Amino acid sequence: MARRVPAPAPASAADVEKMSLSQPSGWAQMNSSAGSWHWVNPWWSGAMGDITYVTATDNCRLLIKWQYNHSHGDTWRSGCVKQMMKDASGNWQNLGNIGSSSFISGASTSGNSAFGCLKLNPQSYGFGSSAGQNLIFSQQFRPERNGNWSIMASFAVNNESGNNGQAGCTRGGWSMHVEEIPLSHWNAQNF
Amino acid sequence: MGRFVLRKPAESSSGAILSSACMDKEKNVWKGTTNNSWETCYGDENLITLKIVKNNPLFDIEWVLGTDHVATWNSQAFRLIARYGTNSSANDSAWKGPNIMDQHGTWTDGTSVCGRSSGIVHLWRPTGFNLVTGNYIKFAIQRWGDSSGTNHPYMNQSTEYTDGTQDNGDEWQGGSFFLRVRELDPAFVTCRANQINTSTGNA
């Protein structure tokens, strides 16, 4: 899931105005009580919670992308991650929810990843149209009530231990991305 | 999802990205009903329409699709279809299926769990269409359902411990029916071994 980097010069079709990324540096143990929502803030020293993004342009729209990976135990794992944003009145709003599951009886295998993407109009949540709007994002996760999560964002193919992944590979397992785009991208048609 | 596309330096009058449009179904959910046949998601035959900027263009296509889960298992495939023409209806041609695909399958032993959400990125250059500046092309996504007949969970929803064939409400929805199509100037795109999809067959 690569991302684009804004170029220094204008082009014929304006593309990305500004972007922001939040991503933790490694795995986490996230077996909180199953069957209920939990804020992501306490994990990774708050790397994913209450992230502020300040809009750069008037009347802008945003693309919000987020992803996560769950490791797999020897039974099954399931859960979901909800992308949240505070509205202009300071109340948290649910923007979207993605889920994942994996099942094998009696063998620890690799888990699964989930990826979400949505368009966001800050004005739909009470914000003004001018640049400089302060948006606050966070995430909630919910381990499924029977398939509770254990290790998240740790890539391994035959264990679920609390480590940095079998190949020392633990990056890319969780992130949130904000991409500010011109208004013209908002519509399904470009004419 | 997104792909790193360099744009042209400041002195240029054009760039790699000639146009861009994205579509998001927000909190709206939909579920298929057919088995062993293609069905247009949401019944929407116009997710995105682009007006062609430059002759013989290249399209950068990316999507995120999510499906919920039923108590046993589900299996389904998705494909992009496109149609083009000389006016904004973009319907002079038949529907074309350029073999741009994704698929979802989940299984648990009798428990309704969260589903799948995944994306694709793809470059497509339908040279056989002979598209020229001012033409229009529109895009839709179709779903192929498994033949078991009970295998039709909602899209753009992921719930836990609940039958995914039900509309389970706002809390579980959104974030997984998104499509972006950008017209690129091929002069600015390098593809290894020139392996760009040029399929133009009928859907």
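**View 1. Strand β5 of chain A is largely enclosed by the rest of the structure, because 10 of its 10 residues are buried.** This is a predicted model, so please read each legend with that in mind. Arg61(A), Leu63(A), Lys65(A), Gln67(A) and Asn69(A) point one way from β5(A). Leu62(A), Ile64(A), Trp66(A), Tyr68(A) and His70(A) point the other way, and the residues of both sets are all buried.

**View 2. β5(A) pairs with β11(A) and is also joined to β8(A).** How many bridges link β5(A) and β11(A)? There are 8, and the two strands pair in the antiparallel sense. To find your place here, look for Gln67(A), which stands opposite Ser175(A) in β11(A). With β8(A), β5(A) shares 9 bridges, and these strands run antiparallel. Here a good landmark is Leu63(A), opposite Lys119(A) in β8(A).

**View 3. Chain A is built from 11 strands and 0 helices.** Step back for a moment to take in the chain around β5(A). Follow the sequence and you meet the pattern β-β-β-β-β-β-β-β-β-β-β. Of the 191 residues in chain A, 53% are buried. Take the contacts in chain A between residues at least 6 apart in sequence: 76% of them join residues at least 24 apart. The accessible surface of this chain is about 7200 Å², and carbon and sulfur atoms account for 45% of that surface.

**View 4. The largest nonpolar core has 30 residues.** Nonpolar side chains in soluble globular proteins tend to be buried together. Which residues have the most contacts inside this core? They are Met30(A), Trp44(A), Leu62(A), Phe137(A) and Trp174(A). Several strands of chain A each supply at least two core residues, including β6 (76-86), β7 (92-103) and β9 (134-143). The strand that gives the most is β5(A), with 4 residues. Apart from this core lies another, of 29 residues, with Leu50(B), Ile120(B), Leu131(B) and Ile137(B) among them.

**View 5. Met30(A) is in contact with several aromatic residues, including Trp43(A), Trp44(A) and Phe141(A).** Leaving aside neighbours within four places in sequence, the contacts of Met30(A) also include Val40(A), Pro143(A), Ser150(A) and Met152(A). Trp149(A) and Trp174(A) are in contact with Met30(A) too. Now look at how the rings in this view belong together: Trp43(A), Trp44(A), Tyr68(A), Phe141(A), Trp149(A) and Trp174(A) form one aromatic cluster.

**View 6. A network of salt bridges links Lys65(A), Glu179(A), Glu62(B) and Arg180(B).** Side chains of opposite charge can pair when their charged atoms come close. Glu179(A) and Lys65(A) meet in a salt bridge, at 4.0 Å from N to O. Because Glu179(A) lies in β11 of chain A and Lys65(A) in β5 of chain A, the pair ties together parts that are 114 residues apart in sequence. Are these two residues buried or exposed? Glu179(A) is buried, at 1% relative accessibility, and Lys65(A) is buried as well, at 6%. Glu179(A) also forms a salt bridge with Arg180(B), where the closest N and O atoms are 3.3 Å apart. Arg180(B) lies in β11 of chain B and Glu179(A) in β11 of chain A, so this pair joins two chains. Arg180(B) is buried, with a relative accessible area of 1%.

**View 7. Asp60(B) and Arg182(B) form a salt bridge within chain B.** Their side chains meet at 2.9 Å, N to O. Asp60(B) sits in β5 of chain B and Arg182(B) in β11 of chain B, 122 residues apart. Both residues are buried. Over all chains, the structure holds 10 salt bridges.

**View 8. Phe103(A) and Trp107(B) form one of the 17 aromatic pairs in the structure.** Their ring centres are 4.6 Å apart and their planes meet at 75°, so the pair is edge-to-face. This pair crosses between chains, from strand β7 of chain A to strand β7 of chain B. Phe103(A) is buried, at 18% relative accessibility, whereas Trp107(B) is partly exposed, at 42%.

**View 9. Phe59(B) and Phe139(B) make an edge-to-face pair.** The ring centres are 5.7 Å apart, with 70° between the planes. Phe59(B) belongs to β5 of chain B and Phe139(B) to β9 of chain B, so the pair ties together parts that are 80 residues apart in sequence. Phe59(B) is buried, with a relative accessible area of 0%, and Phe139(B) is buried at 0% too.

Key
Residues numbered from 1 in each chain as written. Chains lettered and ligands numbered in written order. Heavy atoms only, no water. Buried < 20%, exposed > 50% of the residue type's maximum accessible area, 1.4 Å probe, protein only. Contact = heavy atoms within 4.5 Å. Areas by Shrake-Rupley, 256 points an atom, 1.4 Å probe, with all protein chains shown as cover. Core = buried A, V, L, I, M, F, W, Y, C linked by side-chain atoms within 4.5 Å. Pairing = 2+ DSSP bridges. Phe/Tyr/Trp six-rings, centres within 6.5 Å; stacked < 30°, edge-to-face > 60°.
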